[in-house]
Amino acid sequence: MRGPSSKISDRGAARFETCLAQQVDLCCALETLADALPSHVDTKAATLLAETLEDSLHHCHQIEENFIFPAILTARPGMLATITRLRAEHVEDEEQACEVKDAIMAFVIRQKRKDVEEFGYLLRGLFVALRRHLAFDRDYVLPLYRRTDAASNITNQPRSPED
Ligand SMILES: [Fe+2]
């Protein structure tokens, strides 16, 4: 039987998975926009992407940094260097998202259609880096968080009278 702490951690894992899926969707939207340049851009979708990109990414990073990383570090302090690197990647991705947002606004809303190649390069730079980060989050950080949860459940199990 799993204790109350596991329910909290299950919710943490579920929230983390939802955030990973949201970020995958952002990558798909960025790639769709890049592939549509210069003349097949869905301006409504691009505008929506520009309006939501920074906040969505920041929200997902906050979930990871406020719930997932502290749990992992409590169980495995030796992970500090890796977690520090992941936090730095979050900062880099959010800074790049800010640039991308401005570039989308310039292209779609203000009709600045010069430097399309540079715009495409900026979009690809973000979704390629973000996908690489998400693959590590999905394949390594999420399972590690789940194992941390499982280990804490074993430790926190009430002992039976026979023990
Ligand atoms: Fe992350």
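The following questions and answers concern a predicted model.

User: Which pattern does the protein follow when read along the sequence?
Analyst: The predicted model has four helices and zero strands. Helix H1 covers 4-36 and helix H4 covers 116-156, while H2 takes residues 43-75 and H3 takes residues 80-109. Read along the sequence, the pattern is α-α-α-α.

User: What share of the contacts with a separation of 6 or more comes from residues 24 or more positions apart?
Analyst: One such pair of residues is leucine 123 and Leu30, which touch. Another is serine 56 with Gln22. Over the protein, for contacts with a separation of 6 or more, the share from residues 24 or more positions apart is 82%.

User: Are H2 and H3 roughly parallel or roughly antiparallel?
Analyst: The axes of H2 and H3 lie 9 Å apart and make an angle of about 170°. Angles over 145 degrees count as roughly antiparallel, so H2 is, relative to H3, roughly antiparallel.

User: How many residues of the contact of H2 with H3 are nonpolar?
Analyst: H2 and H3 pack with their axes 9 Å apart. The residues of their contact include five polar and six charged ones. The nonpolar residues number 17.

User: What distance does H3 reach from its first C-alpha to its last?
Analyst: H3 has 30 residues. At 1.5 Å a residue, the expected span is 44 Å. The model comes close to that, at 42 Å.

User: Which helix supplies the largest share of the largest nonpolar core?
Analyst: This core has 27 residues, and those with the most contacts inside it are Leu53, Ile104, Leu123 and Leu126. H1, H2, H3 and H4 each supply at least two residues of the core. The largest share is nine residues, and it comes from H2.

User: Is leucine 126 buried or exposed?
Analyst: Leucine 126 lies in helix H4 and touches Leu30, Asp93, Gln96, Ala97 and Val100, leaving aside residues up to four places away in sequence. Within 10 Å it has 24 other C-beta atoms. The cut-off is 20 or more, so leucine 126 counts as buried.

User: Why is glutamate 92 not counted as buried, and what does it count as?
Analyst: Glutamate 92 sits in helix H3. Its C-alpha is 9.4 Å from that of leucine 126 and 9.8 Å from that of leucine 130. Because glutamate 92 has 14 C-beta neighbours inside 10 Å, and burial takes 20 or more while exposure takes 12 or fewer, glutamate 92 counts as partly exposed.

User: How many C-beta neighbours does serine 56 have inside 10 Å?
Analyst: Serine 56 is in helix H2 and touches Gln22 and Leu26, not counting residues up to four places away in sequence. Its C-alpha is 9.9 Å from that of glutamate 94, 38 residues away in sequence. Serine 56 counts as partly exposed because its number of C-beta neighbours is 17.

User: Where is proline 38 found?
Analyst: The peptide bond from leucine 37 to proline 38 is cis, and its omega is near 0°. Proline 38 itself is in the loop between H1 and H2.

User: Which residue just after H3 takes a positive phi?
Analyst: H3 covers residues 80-109, and its buried residues include Phe107 and Val108. Just after H3, a positive phi of about 60° is taken by glutamine 111.

Methods
Residues numbered from 1 in each chain as written. Predicted model: local features only at pLDDT ≥ 70, side-chain atom pairs only at ≥ 80, totals over all residues. Axes fitted to C-alpha atoms, helices over the stretch in contact; angles between N-to-C directions. Parallel < 35°, antiparallel > 145°, perpendicular 65-115°, else oblique. Nonpolar A, V, L, I, M, F, W, Y, C, P; charged D, E, K, R; others polar. Expected span 1.5 Å × (residues − 1). Core = buried A, V, L, I, M, F, W, Y, C linked by C-beta atoms within 7 Å. Contact = placed C-beta atoms within 7 Å.
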